[in-house]
Each structure stands twice: as structure tokens, then as C-alpha cells.
Amino acid sequence: MDKQLRRILKNDIPALKMVLDSSGLFPSDLLDDMISGYLNDPSSTDIWFTALVDDTPIAIGYCAPERLTEGTYNLYAIAVAKIHQGTGIGTEMMTYIEELLRKKRGRVLIVETSGKADFERTRQFYRTCDYTEQAVIPEFYDEGDDKVIFWKKLG
């Protein structure tokens, strides 16, 4: 099994939509609009990245700098195809983006997720990756759905 992590290319999109459908992160039909600036604007500061197994994308990640900050980034999305979850790919994706941001002189990485009970595994994943839970914003996403914010110093 040949594994690789890299930035997303345009021809990865169909496979990435399958990753999104499998993981349930967000509806895959939103991807084209979300990623268009990154794919079409060479000056984009967005970072879209993927993990591949045997040249097939099996994961997706999206990170961007926080406006009005110096060296602070937000990881807006990370998902691994359901069949590959629990194999360490998510941890490798986190290591990849952290190392990339350190090279860009990134100081802090923020990760946000839902406070619902069915996201406990996600929150535990970030804790395992040495992120600290910094804040909870009640009912942010919807009634009864808090936003949980995690933080990690990169340097």
C-alpha cells in the first residue's frame, strides 16, 4: 500500500466528493464552490490537502489563515473516508498540516467542532493530537449544538 500526503489537485475532486459522502462531514455538492478560489487563484492563502492510498484520495483537509492575526490558522475541515477511519490517517493529516504551517511561520492552529454527543470521538481525536479545549460557545451551530474550540501552539 503506497501512501502519500499532498496538496489537492483539480483532478482529485471526484474522489474527494466520495470521501465527503462517506464521512458525512458536509454535502459533497458544496465542494466545487468551496475549493474554487484555491484551484483558480494562485494567490489564494487557502490550504486544501489530501492523503492518498495507491494514488487515490482517501481524506480531505482545509485550512486557512485567520484574518487580522499573525500566524494563526484555522483548520475548517478534516475528514477520512469511512473505510480508512481509525487507521492513523487523521493523525498523519494533522501532522502534515502542522509541519506545513510551521514552515510558513504559523504560530497557532485552531480547530472547531460540534459539542453534540455524537462528536465526542472527534473531540477526543483532537485531545489525542495534543490540542487543548479552550472555549465552548453555546448553541452556536443550532439550538443544543455548541461550538467547541481547540487550540495548539505550533512553535
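These are my notebook entries on a predicted model, going from the sheet to the helices and then to single residues.

**Entry 1: the sheet**

I began with the strands. Seven of them form an open sheet, and the order I wrote down is E1-E2-E3-E4-E5-E7-E6, with mixed pairing. Which strands sit at the edges? They are strand E1 (3-7) and strand E6 (132-142), each of which pairs on one side only. From one strand to the next, the twist averages 25°.

**Entry 2: strand pairs**

I then looked up some of the pairs one by one. Strand E2 (residues 47-53) pairs with strand E3 (residues 56-65) in the antiparallel sense, over seven bridges. If you want a spot to click on, Trp48 has Tyr62 in E3 as its bridge partner.

At the other end of the order, E5 and E7 run antiparallel and are joined by seven bridges. Here I picked Val111, whose bridge partner in E7 is Phe150. E6 and E7 also run antiparallel, with six bridges between them. Ala135 stands opposite Ile149 in E7.

The hairpin of E6 and E7 has two residues between the strands, and in it Gly144 takes a positive phi near 80°.

**Entry 3: helix H1**

Which residues of helix H1 (residues 13-23) are buried? I found Ile13, Ala15, Leu16, Val19 and Leu20. They lie on the same side of H1, because the arc they cover around the axis is only 160°. The face turned away from that buried side carries Pro14, Met18 and Asp21, which are exposed.

What do the buried residues of H1 pack against? My note says H2, E2, E3 and E4. Just after the helix comes Gly24, with a positive phi of about 75°.

I took a second look at Ala15, which has its place in helix H1. Its relative accessibility is 19%, and buried means under 20%, so Ala15 counts as buried. Pro57 is 42 residues away from Ala15 in sequence, yet the two C-alpha atoms are 5.9 Å apart in space.

**Entry 4: helices H2 and H3 on the sheet**

Next I asked where the other two helices lie. Helix H2 (residues 31-40) lies across E1, E2 and E3, and it runs at about 110° to E2. Helix H3 (residues 89-103) lies across E1, E2 and E3, and also across strand E4 (72-80), strand E5 (108-114) and strand E7 (145-153). H3 runs at about 140° to E2.

I checked the length of H3 too. With 15 residues at 1.5 Å a residue, H3 should span 21 Å, and its end C-alpha atoms are 21 Å apart, so the two agree.

The buried residues of H3 make a longish list: Ile89, Gly90, Met93, Met94, Tyr96, Ile97, Glu98, Leu100 and Leu101. I put a mark beside Glu98, one of the buried residues there.

**Entry 5: Ser28**

Is Ser28 buried or exposed? This residue lies in the loop between H1 and H2. With a relative accessible area of 12%, Ser28 is buried. Its side chain and that of Asp21 are joined by a polar contact of 2.8 Å. Leaving aside residues up to four places away in sequence, Ser28 touches Lys17, Leu20 and Asp21.

**Entry 6: positive phi outside glycine**

I also kept a page for residues that have a positive phi without being glycine. Asp55 has a phi of about 65° although it is not a glycine. Asp55 lies in the loop between E2 and E3. At 59% relative accessible area, Asp55 is exposed.

Arg105 went on that page as well, with a positive phi near 65° in a residue other than glycine. Where is Arg105? It comes just after H3, in the loop between H3 and E5. Arg105 is exposed, and its relative accessible area is 72%.

**Entry 7: Gly155**

My last stop was Gly155, found in the segment after E7. Gly155 is exposed, with a relative accessible area of 87%. I also compared its position with that of Ala79, 76 residues away along the chain: their C-alpha atoms are separated by 25 Å.

Definitions and conventions: Residues numbered from 1 in each chain as written. Predicted model: local features only at pLDDT ≥ 70, side-chain atom pairs only at ≥ 80, totals over all residues. Heavy atoms only, no water. Pairing = 2+ DSSP bridges. Helix = DSSP H or I, 4+ residues; strand = E, 2+ residues; numbered from the N terminus. Axes fitted to C-alpha atoms, helices over the stretch in contact; angles between N-to-C directions. Contact = heavy atoms within 4.5 Å. Expected span 1.5 Å × (residues − 1). Buried < 20%, exposed > 50% of the residue type's maximum accessible area, 1.4 Å probe, protein only. Arc of directions from axis to C-beta. Polar contact = N/O pair within 3.5 Å; in protein donor to acceptor, adjacent residues only side chain to side chain.
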